[in-house]
Amino acid sequence: MIDDSNLTDNYSNSQFEKRPTLQDIDELANALCVEYSNHEFYKWYCKTINVLGIQRVNEIRAMYRDTRQARHLFSRRASEEMKVKIARQRMLDERRDRGKAKDFS
């Protein structure tokens with residue numbers, strides 16, 4: 001018998017990351033607003049954190065921390081990764097829904 005209770009321990013994929021709390025999202029979004037002097041993007045930062053997860057957002061943030069255009073590079077990379085992740089999720093949802101019978105009543 002195979003014990004599969006620890007299978008997810010081998011994955012570092014954000015797909016298995018615990019859903020962030022509203023407080024965690026708020027704190028990180030505010031930190032990004034201050035770091036990038038861009039308070040108008042608070043909602044976008046929150047969406048980014050929800051889609052990519054706290055760990056991935058912090059990884060992207062660290063990539064560009066010492067660059068001259070950190071906020072622009074962060075935004076571009078995060079936006080590209082969000083598009084890919086959202087498109088992948090839509091594709092998975094469509095595959096899952098394709099097998100279900102349609103109710104036309």
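Is Cys46 buried or exposed? In this predicted model, Cys46 is buried, with a relative accessible area of 14%. The surroundings of this residue are best approached from the overall fold.

The secondary structure of the protein consists of four helices and zero strands, and reading along the sequence gives the pattern α-α-α-α. Of the contacts in the protein with a separation of 6 or more, 59% are between residues 24 or more positions apart. Buried residues account for 25% of the 105 residues. The protein exposes about 8400 Å², and carbon and sulfur atoms supply 50% of that area.

In soluble globular proteins, nonpolar side chains tend to be buried together. Here, the largest nonpolar core comprises 18 residues, and those with the most contacts inside it are Leu32, Tyr45, Ile49, Leu52, Val57 and Phe74. At least two residues of this core come from each of helix H1 (22-35), helix H2 (42-52), helix H3 (54-63) and helix H4 (70-98). Ile49 offers a detailed view: leaving aside residues up to four places away in sequence, Ile49 touches Pro20, Ile25, Leu28, Ala29, Leu32, Ile54 and Val57.

The cysteines remain to be considered. Cys33 counts as buried, at 1% relative accessibility. The structure nevertheless holds zero disulfides. The closest cysteine sulfur to that of Cys33 belongs to Cys46, and Cys33 forms no bond with it because the distance of 7.6 Å is too far. A disulfide requires the two sulfur atoms to lie within 2.5 Å. Cys46 is accordingly in no disulfide, its nearest cysteine sulfur being that of Cys33.

Methods: Residues numbered from 1 in each chain as written. Predicted model: local features only at pLDDT ≥ 70, side-chain atom pairs only at ≥ 80, totals over all residues. Heavy atoms only, no water. Core = buried A, V, L, I, M, F, W, Y, C linked by side-chain atoms within 4.5 Å. Buried < 20%, exposed > 50% of the residue type's maximum accessible area, 1.4 Å probe, protein only. Contact = heavy atoms within 4.5 Å. Areas by Shrake-Rupley, 256 points an atom, 1.4 Å probe, with all protein chains shown as cover.
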